[in-house]
Amino acid sequence: MQTEKDDILHNNKELNIFFSHMQKKSIAFLRKNYSLSLEAAEDVYQDSCLAMYENIHAGKLVSLTSKASTYFTKVCMFQALKKIRDAKPTDSADDASYNANKIDTLIGLDGGFSIGQQQAMEKIIKSLPTPCNQILWAYYYDEMSMEEIAKIINFSNANSVKTKKSQCMSRLKDNYSDVIKELMYE
Amino acid sequence: MNKDYVYFDQQVDKFLRNQMSEEEAIAFMSELSSDVEKKERARIIALMIKSMDKVGIEHDQQIVNQIKGLSKSEFKKLIGIKTTLISLFPKAMKYGIAACIACTLAFGGYKYYNYQQTVSLGNAEYNAYVADIDLEGGYRGDNANIEIESKLRALFSNVKNGIKISATIKELDSIYKEALSEESLYNNYVDDIAWNLAIAYLKDGNREKPLILLEDMIKRNEGYSEISLPAKELIKKINDL
């Protein structure tokens with residue numbers, strides 16, 4: 001029997017995925033950086049969800065200038081500081097994030113990419129087939145773990161996701177190569 | 001071939017997250033410079049991540065828009081935030097009371113039906129076991145004690161007719177405990193008492209105590225089907241209720 005909550009979850013799947021991920025990530029972050037108990041971290045997480053909701057509905061957040069996950073983490077930090085007066089958070093909200101310099105290092109090999117090639121990639125990542133779109137976006141953009149992704153997209157285990165991710169990456173590379181070849185002959 | 005890339009993709013990830021030691025990073029870059037396929041794959045992964053950062057903002061904006069489209073209660077349901085008892089108390093109280101009443105009515109109704117069934121069984125089964133004490137008169141053997149038999153006759157009459165059941169149960173229960181001792185004058189009538197007490201409990205709506213009494217009757221009279229058989233049959237009927 002479909003409950004009201006089932007309807008809300010079904011109609012807001014992306015939202016559900018986002019908060020499911022942020023809950024785990026935020027609680028781990030809060031416990032590590034603010035020495036909060038599990039219960040306190042859960043309270044801060046929930047307060048942060050409501051604060052984000054209030055900000056959006058009050059018109060304080062209309063359009064994002066950073067990732068939603070980064071914004072939410074900052075809200076968590078603010079809420080945690082409200083709870084603990086002398087808390088000193090680390091400078092980096094996410095130590096395991098991709099390093100912009102390292103990304104540029106790899107991109108810079110063989111002289112970088114043209115604007116056409118960048119636009120081709122943007123087009124490809126917007127139209128990835130399922131489940132590649134879910135896996136690649138969840139892993140590289142939302143920075144979810146393999147275990148989390150396995151749970152959300154109903155794969156049997158993290159290793160299955162890892163293998164599928166690699167296959168998806170191969171498909172994306174082949175697709176990209178074909179698009180670039182067509183561009184060269186235009 | 002793809003198996004190699006599973007490990008390779010992990011290495012690319014490690015490099016991009018700045019999680020390699022200096023030596024590892026040097027070895028990684030050296031591998032890329034000697035393998036065109038791997039270098040191209042690593043570059044494309046890096047380009048993909050950078051593109052996702054740019055395109056992802058649009059994706060995240062959908063998150064914001066979706067939140068905007070939800071009411072606070074819907075949002076709380078989605079997040080799994082438990083609503084405070086204080087704010088809901090009057091409402092919860094109202095619904096709680098209604099639920100309690102509904103449950104009581106439903107469960108109370110069921111209990112009453114159950115009770116009726118139990119009483120009916122007691123009424124129907126009284127004569128299934130024929131006591132040696134004849135209610136019309138007479139007494140048991142040479143060891144008969146007229147006084148005791150008169151007392152028991154009166155109590156058994158109450159059980160048969162459903163009169164003063166609670167008081168009768170109390171008295172029969174006391175007598176039964178005495179009757180279990182072989183030295184007691186009531187010992188000769190222990191099974192008569194057990195049967196009547198079991199029936200009395202049934203007529204009082206109690207199913208558990210009759211079962212114990214009847215089981216004891218069976219244990220005492222394993223070789224005597226005249227006593228054990230009615231007891232077994234009544235146990236079955238109680239369990240079938």
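## Exercises on a two-chain helical model

In H5(A), the buried residues include Lys102(A), Leu106(A) and Ile107(A). Here, buried means that 20 or more other C-beta atoms lie within 10 Å of a residue's own, exposed means 12 or fewer, and partly exposed is in between, with C-beta atoms placed from the backbone. Helices (H or I, at least four residues) and strands (E, at least two) are DSSP runs numbered from the N terminus.

This is a predicted model, in which local features need pLDDT of at least 70 and side-chain atom pairs count only at pLDDT 80 or more, while totals for chains, interfaces and linings use all residues. Residues are numbered from 1 along each chain as its sequence is written, and chains are lettered from A and ligands numbered from 1 in the order in which they are written.

### Exercise 1: The faces of a helix

Work out how the buried residues of H5(A) are arranged around its axis.

Step 1. Start with Lys102(A), Leu106(A) and Ile107(A), which are buried in H5(A).

Step 2. Look down the helix axis: the buried residues fall within an arc of 135° (taken from the directions from the axis to the C-beta atoms), so they line one face of H5(A).

Step 3. Recall the geometry: an α-helix has 3.6 residues a turn, so residues three or four places apart point the same way.

Step 4. Turn to the other side of H5(A), where Asn101(A), Asp104(A) and Gly108(A) are exposed.

Step 5. Carry on past the helix: H5(A) is followed by Asp110(A), which has a positive phi near 60°.

### Exercise 2: The largest core

Find which elements give two or more residues to the largest nonpolar core.

Step 1. Set the term: a nonpolar core is a set of buried Ala, Val, Leu, Ile, Met, Phe, Trp, Tyr and Cys residues joined through C-beta atoms within 7 Å.

Step 2. Pick out the hubs. The largest core has 37 residues, and those touching the most other members are Tyr140(A), Ile45(B), Ala46(B), Met48(B) and Ile49(B).

Step 3. Assign the elements. Chain A supplies H5 (100–108), H6 (115–126), H7 (132–141), H8 (146–152) and H9 (158–185), and chain B supplies H1 (2–16) and H3 (36–68). H3(B) gives the most to this core, with eight residues.

Step 4. Zoom in on one hub. Neighbours within four places in sequence aside, Ala46(B) is in contact (C-beta atoms, placed from the backbone, within 7 Å) with Ile103(A), Leu106(A), Ile107(A) and Leu16(B).

Step 5. Note that another core, of 30 residues, lies apart from this one, and that Phe156(B), Leu172(B), Leu202(B) and Leu213(B) are among its members.

### Exercise 3: Two helix pairs across the chains

Describe how H7(A) and H2(A) each pack on H3(B).

Step 1. Read the first geometry. H7(A) and H3(B) pack at an angle of about 90° with their axes 10 Å apart; axes are lines fitted to C-alpha atoms, for helices over the stretch in contact, and angles run from 0 to 180 degrees between N-to-C directions. That makes H7(A) roughly perpendicular to H3(B), given that 65 to 115 degrees counts as roughly perpendicular, under 35 as roughly parallel, over 145 as roughly antiparallel and the rest as oblique.

Step 2. List the partners. Trp137(A), Tyr140(A) and Tyr141(A) of H7(A) meet Met48(B), Ile49(B), Met52(B) and Gly56(B) of H3(B).

Step 3. Sort them by class. This contact of H7(A) with H3(B) has six nonpolar, one polar and no charged residues. Ala, Val, Leu, Ile, Met, Phe, Trp, Tyr, Cys and Pro count as nonpolar, Asp, Glu, Lys and Arg as charged, and the others, Gly among them, as polar.

Step 4. Repeat for the second pair. H2(A) and H3(B) pack at about 105°, with axes 9 Å apart, and are therefore roughly perpendicular to each other. Glu14(A), Leu15(A) and Phe18(A) of H2(A) make the contact with Gln62(B), Ile63(B), Gln66(B) and Ile67(B) of H3(B). The classes here are four nonpolar, two polar and one charged.

### Exercise 4: Backbone details in loops

Locate the cis peptide bond and place Asn18(B).

Step 1. Check omega: it is about 0° at the cis peptide bond joining Thr130(A) and Pro131(A). Pro131(A) sits in the loop between H6 and H7 of chain A.

Step 2. Check phi in chain B. Asn18(B) is not a glycine, yet its phi is positive, about 60°. Asn18(B) lies in the loop between H1 and H2 (22–34) of chain B, and is partly exposed, with 15 other C-beta atoms within 10 Å.

Terms used. Contact = placed C-beta atoms within 7 Å.
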